[in-house]
Each structure stands twice: as C-alpha cells, then as structure tokens.
Amino acid sequence: MKLQDKVAVVTGAASGMGKAIAETYAREGAKVIVADLNLEGAEAVVKEITDNGGIAKAVQVNVAKQEDIDNMIDTAVNEYGTLDILVNNAGIMDGFEPVGDILDERWDLIFDINTKGVMRAMRKAIPIFLEKGKGNIINTASTGGLNGAHAGATYGASKHAVIGLTKNTGYMYAQKGIRCNAIAPGAVATNISASMKNINAFGMERTKVVQGVIPRVGQPEEIAQVALFLASDESSFVNGTVITADGGWTAAF
Ligand SMILES: NC(=O)c1ccc[n+]([C@@H]2O[C@H](COP(=O)([O-])OP(=O)(O)OC[C@H]3O[C@@H](n4cnc5c(N)ncnc54)[C@H](O)[C@@H]3O)[C@@H](O)[C@H]2O)c1
C-alpha cells in the first residue's frame, strides 16, 4: 500500500474527483478526512470507505470560512494524531461569463472557494508540516488554470491563481520536506455542472470552439491516480509544478 498510515484531508470529497481521491487514498492505507459542504454526501463516502475496511471520517466544511478550515485540519490532528497530505479539491464553476459580464458577488464567491480556500487550508497546514519536517499538498487546479477559454474569466482567473500559489509554495518550502503540486484536469465526468449559475450565452458560445477538440471526457478515478502518484513517495522529486491530465486536449493548442 502506497499511503499506509498516512493522514489525509480531502476537500470537496463528497462528489466527483474528491470522492475518487478519498476512496483511492483509503484503499492505499490512508486515514482520510472526507471534507465537504455537503455533509450527507461526505458521510455516504465515509460509509463506502469503512464498509470496504478503510478508515475515514466526515467533516462539514465550507472552504470559504476560516473557522471551518481550522476545524477540518484540527479534526484530522485530534482524530488521527497528525496530518500528512492535504488535497485542496473543492471548487465551483462560473457561468462562462466574460469580464464584461462579471458580477462582484459571483467573483468574490468563486475566489473565496476556489482560491482563498486553498490558501487558507495551506496556511493552516504549513506549521504542522514544518514541525514534522514533512508534508504534501495537492491542489486541484484545471486546464482552465493554464489556458484562456475553458470556462469564464472568473473561473480561469481563480485557477490560474491556484497554480501561482502552488508554484510559490512548492519553491518556498522545498528544503523543509514539504511538496506542493497541482493537477490540471481537463473535462471530467462529475457533478460540477450543478455549480454553474446563469449561463452566459456569449461566453458559452466562445468556449464551444475550444471544447470541440476535447478528445474524450475523463473519469474521476483517472484523476485520483494522479493524486495518488503525487501523494506517494514515487513522486518524491516532483514539486512546485502542475500535472495536466486531460487525455490530450490541451496538446491541441
Ligand atoms: N469536472 C471537470 O471537468 C473539472 C475540470 C477541471 C477542474 N475541475 C476542478 O475539480 C475540482 C473538483 O470538482 P468536481 O469536478 O469533482 O466537481 P463536483 O461538483 O462533483 O465536486 C465538488 C465538490 O466540492 C464541494 N464544494 C463546493 N463548494 C464547497 C465549499 N464552499 N466548501 C466545501 N466543499 C465545497 C461540493 O459539495 C462537491 O461535493 C474542482 O476544484 C473543479 O474546479 C473540474
């Protein structure tokens, strides 16, 4: 088992990629905090994990709230004694709106969840990792964090920021035993479309061209395998970078 006795926190773990990551980590021997806004969903994932002989606990978290983030990390430490792996995966989409149509409230919400939530969880985990001289952070960015037209301006900007945060963190703590990497998934079959609000017809039309060259839609488990590689010692020399997993989509650009 690749993660025997490691303690992992996975956000957005009630659904999609986070769920697949939590299940994969548990199968590989990790004790997993299944953190999500959707507590019922998180509890269902925990049941699946424990029914299969794994160890996990559900925690309700709104990653836009510092007190929830603190409680999430504290729960890992109180329950399982430490923290080894932090996966910042929770995220929401915008409505494909170009900059001319951005609403401040929507921009702020998306940044609070997709970007500031990542920063806050990393900030909370770093002292634990520094004390141990070891730690591993994996952020779910997006190919939209590397390219200009995979969603609207807000989503793209929020994910570009996650990649900047990832690179800076990877570099800053590189000699402290801490690694920080991002995954840039392409199109993956999850429930993310439920978070799309007020679809912008113009923005959607403009991104259609780009979506037209998606070779295929991936499965959450395919992303979980990348997250497993990044969490395990097999990736010991991989730090401060982004692994794109998009079935070849962005190779077209
Ligand atoms: N699906 C894709 O095609 C795709 C592509 C690239 C990147 N991503 C990114 O992957 C990550 C996972 O998304 P997914 O596709 O699995 O979607 P999903 O909607 O299936 O899962 C996201 C989970 O995050 C949770 N969540 C939403 N807001 C939250 C908050 N404020 N606090 C805590 N939890 C919250 C949701 O309840 C949900 O369980 C996101 O960061 C998303 O931006 C998705």
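**Exercise 1.** Which residue has a polar backbone atom 2.8 Å from an oxygen atom of the ligand? Work with the predicted model shown above, and then examine the other polar contacts and the burial of the ligand.

*Solution.* Begin with the ligand oxygen: the polar backbone atom that lies 2.8 Å from an oxygen atom of the ligand belongs to Asn89. Taken alone, the ligand exposes 830 Å², and the protein buries 91% of that area. Turn next to the ligand nitrogens, where an N or O atom in the side chain of Asn62 is 2.9 Å from a nitrogen atom of the ligand, while a polar backbone atom of Val61 is 3.3 Å from a nitrogen atom of the ligand. With a cut-off of 3.5 Å for a pair of N or O atoms, the pair involving Val61, at 3.3 Å, is kept.

**Exercise 2.** Describe the shell around the ligand, by residue, by class and by helix.

*Solution.* Start with the count: the ligand is surrounded by 27 residues, of which the closest are Ser15, Asp36, Asn89, Tyr155 and Thr190. Sorting the shell by class then gives 14 nonpolar, 11 polar and two charged residues. As for helices, H1 (16–27) and H5 (153–172) each contribute at least two residues to this shell. Finally, the space that the ligand takes is the largest pocket.

**Exercise 3.** Which order do helices and strands follow along the protein chain, and how does the radius of gyration compare with the globule rule?

*Solution.* First count the elements, which come to seven helices and seven strands; read along the sequence, they follow the pattern β-α-β-α-β-α-β-α-β-α-β-α-α-β. The radius of gyration is 17 Å, close to the 18 Å that the globule rule gives for 253 residues, so the protein chain is as compact as a globular protein of that length. Along the principal axes, its C-alpha atoms fill a box of roughly 50 × 40 × 35 Å.

Conventions:
Residues are numbered from 1 along each chain as its sequence is written. This is a predicted model: local features need pLDDT of at least 70, side-chain atom pairs count only at pLDDT 80 or more; totals for chains, interfaces and linings use all residues. Side-chain values use heavy atoms; hydrogens and water are left out. A residue is near a molecule or strand if one of its heavy atoms lies within 4 Å of it. A polar contact is a pair of N or O atoms within 3.5 Å; within protein, one must be able to donate a hydrogen and the other to accept it, and residues adjacent in sequence count only if both atoms are side-chain atoms. Accessible areas come from the Shrake-Rupley method with a 1.4 Å probe; for residues, only the protein chains shown count as cover. On a 1 Å grid over the protein atoms alone, a cavity is a set of points where a 1.4 Å probe fits but cannot get out, and a pocket is an open set with protein on both sides within 12 Å along at least five of seven lines; lining residues have an atom within 4 Å of a point. A molecule sits in a cavity or pocket if more than half of its atoms lie within 2 Å of its grid points. Helices (H or I, at least four residues) and strands (E, at least two) are DSSP runs, numbered from the N terminus. Ala, Val, Leu, Ile, Met, Phe, Trp, Tyr, Cys and Pro count as nonpolar, Asp, Glu, Lys and Arg as charged, and the others, Gly among them, as polar. The radius of gyration is taken over C-alpha atoms; the globule rule is 2.2 Å times the number of residues to the power 0.38.
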